[in-house]
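Open the model in your viewer and set it to a cartoon view with side chains ready to switch on. We will go from stop to stop, and each stop tells you what to select and what you will find there.

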Amino acid sequence: MPDVVEHLGLGAPLAPSVPSRTVKQLIWQGAGQARLYAWLSWLLPLILVLAWEAFANLQMLSPQVLPAPSKVLRTAWELVQQGRLLSDLGASLLRAMAGFAIGGSIGFVLGTLVGFSRLAEALLDRSVQMVRAVPFLAALPLVIVWFGVDEGGKIFLVSLGVSFPIYINTVLGIRQVDPKLVELGRVTGLSTMLLIRRIILPGALPSILAGVRYALAVAWLALVIAETIATNVGVGALAMDAREFLRTDVIVLTMVIYAGIGVVSDGIARWLERRLLTWHPNYTKRST
């Protein structure tokens, strides 16, 4: 898609209709507005944390129910000094990345096959949708029978959860490519592989990346469930141990860790959108 117009010879540069100084001013103005929106996006979370801290210090919140953010930070520092927090976080990240790589690859391949082929849709789609409807908790006993309590079961659950959002959005993105562009590519003599590489897959990329963003969230949801299987290492294991000893500060800390990972993951997905969709007018305007 980014080089379709250039390849077809339809893009002749137009004379600028505004002075270059005005263009630069508009660019700087847009960048400043984007930075302002980026700061504003953190305003509400900051207000909520400050209100949480104030209510806790005023003893309007019981420490056993919801400890103050400062208490949670002290607990995090204690766990870092003990060497527990970083090792648990590292183990969870490795499981999530391995499951995402495997499940994402499977979802993309199946989605591409079904998106391009009605025969593949007839053979695969119904089975995929049936498996997608099975909840994680319902599959958990079978996963334990298959893999025991080893790492394979946890990675399998993450892969299973990740594959479906990417599969569905890949199929949707391919099916939503403008047929006129495809026909135009055929008329101008593009081969099938060039048609797929330059028109169909780039056109489906916004939908695929939306699936990636959703799959990143599902990966951590699946990992939380997977780490309830007998395990001694991981953020989920840390939360399970805290539950046994009624350590609400540690439980809240694990929730904050998951939220922080979610923000970072979504930021990576947004960065990929900006890098891969520079040709798309709806994404070039975004910088947050």
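Where is the place of threonine 75? Select threonine 75 and you land in helix H4, which covers residues 69-82. Keep in mind throughout that this is a predicted model.

**Stop 1: threonine 75 and its surroundings**

Is threonine 75 buried or exposed? Its relative accessibility is 1%, under the 20% cut-off, so threonine 75 counts as buried. Now show the side chain of aspartate 249: a polar contact of 2.7 Å joins it to the side chain of threonine 75. Leaving out residues up to four places away in sequence, threonine 75 touches Arg247, Asp249, Val250 and Leu253.

**Stop 2: the whole chain**

Zoom out and colour by secondary structure. You should see 13 helices and zero strands. Next, colour by accessibility: of the 288 residues in the chain, 35% are buried. For contacts with a separation of 6 or more, 74% are between residues 24 or more positions apart.

**Stop 3: the largest pocket**

Which residues lie nearest the centre of the largest pocket? Select Pro45, Val49, Trp52, Val256 and Ala259; these lie nearest the centre, and the full lining has 16 residues. Two or more lining residues come from each of helix H3 (43-57), H4 and helix H12 (248-276). H12 gives the largest share of the lining, with seven residues. The volume of this pocket is about 520 Å³. Colour the lining by class and you will find 15 nonpolar residues, one polar residue and no charged residues.

**Stop 4: helix H11**

Move on to helix H11, residues 235-244. Its buried residues are Val235, Gly236, Ala237, Leu238, Ala239 and Ala242. To see what covers these buried residues, switch on H4, H5 and H12, which are included in the cover. Then step past the end of the helix: H11 is followed by leucine 246, which has a positive phi, near 55°.

**Stop 5: salt bridges**

Side chains of opposite charge can pair when their charged atoms come close. How many salt bridges does the count come to? The count comes to 12 salt bridges, and a few of them are worth a visit.

Start with arginine 84 and aspartate 88, whose closest N and O atoms are 2.6 Å apart in a salt bridge. Both residues lie in helix H5 (residues 84-116), four residues apart, which is about one turn of the helix. An α-helix has 3.6 residues a turn, so residues three or four places apart point the same way. Check the accessibility of each partner: arginine 84 is partly exposed at 24% relative accessibility, whereas aspartate 88 is buried at 2%.

Stay on H5 and select arginine 95 together with glutamate 151. Their side chains meet in a salt bridge of 2.7 Å, N to O. Arginine 95 lies in helix H5 and glutamate 151 in helix H8 (residues 151-175), so this pair ties together parts that are 56 residues apart in sequence. Arginine 95 is buried, with 4% relative accessibility, while glutamate 151 is partly exposed at 38%.

Now go to arginine 243 and glutamate 244, where the side chains meet in a salt bridge of 3.1 Å, N to O. Arginine 243 is partly exposed, with a relative accessible area of 47%, and glutamate 244 counts as exposed at 55%. For a network, select Arg213, Asp266, Arg270 and Glu273: salt bridges that share partners join these four residues into one.

**Stop 6: serine 163 in H8**

Finish back on helix H8, where serine 163 has its place. At 11% relative accessibility, serine 163 counts as buried. What lies 3.0 Å from a polar atom of the serine 163 side chain? Show the backbone of leucine 160: its oxygen is the atom at that distance. Last, select Gly103 and Gly107, which are in contact with serine 163 once its neighbours within four places in sequence are left aside.

Key
Residues are numbered from 1 along each chain as its sequence is written. This is a predicted model: local features need pLDDT of at least 70, side-chain atom pairs count only at pLDDT 80 or more; totals for chains, interfaces and linings use all residues. Side-chain values use heavy atoms; hydrogens and water are left out. Buried means under 20% relative accessible area, exposed over 50%, partly exposed in between (1.4 Å probe, protein chains only). A polar contact is a pair of N or O atoms within 3.5 Å; within protein, one must be able to donate a hydrogen and the other to accept it, and residues adjacent in sequence count only if both atoms are side-chain atoms. Contact means heavy atoms within 4.5 Å. On a 1 Å grid over the protein atoms alone, a cavity is a set of points where a 1.4 Å probe fits but cannot get out, and a pocket is an open set with protein on both sides within 12 Å along at least five of seven lines; lining residues have an atom within 4 Å of a point. Grid points are joined across faces, edges and corners, and a volume is the space filled by probe spheres set on the points. Ala, Val, Leu, Ile, Met, Phe, Trp, Tyr, Cys and Pro count as nonpolar, Asp, Glu, Lys and Arg as charged, and the others, Gly among them, as polar.
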